[in-house]
Amino acid sequence: MAQLISELSKNKDIIIGICYIISAGLFIFGLKFLSSPATARRGNFLSALGMFIAVVITLWSKNVIDFKWIVIGVIIGALIGAIASRVITMTQMPEMVALFNGFGGIASLLVGWSAFVMAPQALTPVSNLTFIAVILSVLIGGVTFTGSIIAWGKLNGLVYQKAFLFPGQKFINLILVLGILTSAVLVCIPGVGGKNILFYIVIGGAFVLGVMSVMPIGGADMPVVISLLNSYSGIAACAAGFAINNILLIVSGALVGASGIVLTKIMCKAMNRSLANVLFSGFGSVTTAKGAGETGEISPINAADAYLILEAANSVVFVPGYGMAVAQAQHAVRELGELLEENGCDVKYAIHPVAGRMPGHMNVLLAEANVSYDLLVEPGDVNPTMETVDVCMVIGANDVVNPAARDDETSPIYGMPIIEVDKAKTVFVLKRSMGAGFAGIDNPLFFKPNTRMLFGDAKASVSALVSEFKET
Ligand code: NDP
């Protein structure tokens, strides 16, 4: 082993270069495969392999620690990952994604911080550029860390979920940003004293800015925040790569940053809002906002009667939402879908981009239940055909099917594209109560004449329908 390591050490630079190229290639192909549910698992594996190679080679190349510690680190990390994948439920996945973003941010901050500690005074023009990278990694990493912690708290209900606004907030934010930028510029100028204090002001300011940036965002705008923080974590890693002159960190950070920006754009489009509007409008702070026509009679239905309508239907569109994840109803939904198909019915699954609590949430659940990808349709494709659909089954969705977004100009979600289930001949809404969705607003859909409310846990309701099909 010792001889092998000594041989490898002689050609270190070449080996490092080759491994970095392999890792970068694995990241790029991993991302490519992640873009389709059919290949996502392979994409995940390739990216993880790329990261494994990158970490091992980087530690070896820098003589950071010997292989004994690398192996111990890998075992501990793999154990934490394996346990987390077992104990974290699907409904906790969005929170975990938020935490992942935060850990990415704090890791970049720590890399930048260590680069600063190791070379604080060596200020040549080149190292000035390094200082800018250090400051950016610390600043963006700090904002990402505390912003993600707040997002995590908002997703699990520990932090106030609506937009938190107070008088003078924008002015305080402006002062904060100016203070951070001034300190950051002073850190990068050669000859300026008190760099340590200025540097810690940047770190502290970044932490506060992360909190101040995410607190005013709430309700239906949270998907945009999650994807934006994901992008920030990549940009921070990219800056950290420049700070320590690590090409692979630059490449991987740039990939995450760019794909996060693309995702953010998709989420903004799904909400029909600009990024600036999401970041600064304070959506969801209006607690009294209601949907149009939210009063009136509702028409409950039981599983036996719902079965009779489904049995006669020629076309059914399932519209899953967060409640399907809570109920873990995806397997029962797939089973019902198959029974309907056997009955000669055309079945589709309409997925709204912001349904659930993380981008792609519904796709992941339906893939887990082995629902064929061919049956998944986007709102833009299914909406024009909605009037010909016999039954729309809304499985624990609420905000993404709220007609107030289309009809009520006073609604906070006005303008957000929805799946227009209310245009179908019959709508079954499966949920436990008349409670609101994440945006906290009423839903006039429940009072429409063609809507039937099938109250109860989504899994129990769908299973009851499955039993009706099997018994008859
Ligand atoms: P909603 O949050 O609007 O509604 C979910 C509904 O599920 C609730 O009304 C609830 O009603 C019902 N529900 C909960 N548990 C169950 C259960 N066990 N059985 C049956 N029903 C249940 O979900 P949507 O998917 O429609 O919309 C997503 C919302 O979350 C949007 O506002 C989106 O902006 C936001 N968001 C999305 C993120 C993303 O990345 N996709 C991230 C963060 C937020 P009841 O309690 O009566 O059962």
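## Tour: from a buried threonine to the ligand

Start with T146, which counts as buried at 12% relative accessibility. Buried means under 20% relative accessible area, exposed over 50%, and partly exposed in between (1.4 Å probe, protein chains only). This is a predicted model, in which local features need pLDDT of at least 70 and side-chain atom pairs count only at pLDDT 80 or more, while totals for chains, interfaces and linings use all residues. Residues are numbered from 1 along each chain as its sequence is written, and side-chain values use heavy atoms, with hydrogens and water left out.

**Stop 1: around T146.** Select helix α6, residues 125-156; T146 sits there. Helices (H or I, at least four residues) and strands (E, at least two) are DSSP runs, numbered from the N terminus. Now add F207. Its backbone oxygen is reached by the side chain of T146 at 2.7 Å. A polar contact is a pair of N or O atoms within 3.5 Å; within protein, one must be able to donate a hydrogen and the other to accept it, and residues adjacent in sequence count only if both atoms are side-chain atoms.

**Stop 2: the ligand.** Show the residues near the ligand, meaning those with a heavy atom within 4 Å of it. There are 31 around the ligand, and A220, N398, D399, R432 and S433 come nearest. Where does the ligand lie relative to domain 1 and domain 2? Domain 1 (2-280) and domain 2 (303-471) both give residues to the shell, so the ligand lies between them. Those bounds come from an automatic or database domain assignment.

Next, pick out the polar partners.

- R357: an N or O atom in the side chain is 2.9 Å from a ligand oxygen.
- V400: a polar backbone atom is 3.4 Å from a ligand oxygen.
- F438: a backbone N or O atom lies 2.9 Å from a ligand oxygen.

Taken alone, the ligand exposes 920 Å², and the protein buries 96% of that. Areas come from the Shrake-Rupley method with a 1.4 Å probe; for residues, only the protein chains shown count as cover.

Colour α9 (222-243), α13 (322-327) and β5 (426-431): these elements give two or more residues to the shell. α13 gives the most, with four residues. By class, the shell has 17 nonpolar, nine polar and five charged residues.

**Stop 3: the cysteines.** Select C392, which is buried, with a relative accessible area of 0%. The closest cysteine sulfur, in C345, is 11 Å from that of C392, too far for a bond. With a disulfide taken as a pair of cysteine sulfur atoms within 2.5 Å, the count comes to zero. Finish at C19, buried with a relative accessible area of 15%.

Terms used
Ala, Val, Leu, Ile, Met, Phe, Trp, Tyr, Cys and Pro count as nonpolar, Asp, Glu, Lys and Arg as charged, and the others, Gly among them, as polar.
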